[in-house]
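Work through the exercises below with the model open. Each task is followed by a stepwise solution.

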Amino acid sequence: MNISTNPLVLFCTPWFIAAFAGWMIAQAIKMMTGLVRTRRVDFRYLLSTGGMPSAHSALVCALVTSLGLTEGFQSPITMLAAAFAAITMFDAASVRRAAGHQANVMNQMIQELFKEHRLSQTHLKELLGHTRKEVFAGMLLGIGVAVATVKLMI
């Protein structure tokens, strides 16, 4: 086993490149969709949560797939990454989605109170989680990016 003492080597691995590319492509798709919808370039999409496709799902699935293709799908590190991916995608599609619904309800309540009383009109961020379709699209994107990355690098 060749162990490098240079931590920057991490950024040259197919695992990092696939995961980062999966995330970036998903965020770029959101930015392009926003551009088509609003006819304005909004760079906030590059760091936003929620929307189609799930960048979190794309990142973790690209990581699992690239690890599986290079280290074997039966390796402990791939299995650990798969567990990490499952937790991440479950969280995106359920816990954060529920928090987004709660923010929506609270914003409606604040809006109704604001009409009748003088209150501060601070809105909560509602687009926190993902639908199952957004998570699935992110998963497919991540797998595709990982396959392409590993094929190009190895």
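**Exercise 1.** Classify Val 147: buried, partly exposed or exposed?

*Solution.* Start with the cut-offs: buried is under 20% relative accessible area, exposed is over 50%, and partly exposed lies in between (1.4 Å probe, protein chains only). Val 147 has 36% relative accessibility, so Val 147 counts as partly exposed. This is a predicted model: local features need pLDDT of at least 70, side-chain atom pairs count only at pLDDT 80 or more, and totals for chains, interfaces and linings use all residues. Residues are numbered from 1 along each chain as its sequence is written, and side-chain values use heavy atoms, without hydrogens and water.

**Exercise 2.** Place Val 147 in its element and find which residues Val 147 touches, leaving out those up to four places away in sequence.

*Solution.* Val 147 sits in helix α4; helices are DSSP runs (H or I, at least four residues), numbered from the N terminus. Next, apply the contact criterion, heavy atoms within 4.5 Å. Val 147 touches Thr 65 and Leu 69. C-alpha to C-alpha, Val 147 and Thr 65 are 7.2 Å apart, with their positions 82 residues apart in sequence.

**Exercise 3.** Describe how α2 packs on α4.

*Solution.* Take the geometry: α2 (residues 55-71) and α4 (residues 132-153) pack at about 40 degrees, and their axes are 7 Å apart. Axes are lines fitted to C-alpha atoms over the stretch in contact, and angles run from 0 to 180 degrees between N-to-C directions. Then list the contact: it includes Cys 61, Thr 65 and Leu 69 of α2 and Gly 142, Ala 146 and Val 147 of α4.

Note on methods:
Helices (H or I, at least four residues) and strands (E, at least two) are DSSP runs, numbered from the N terminus.
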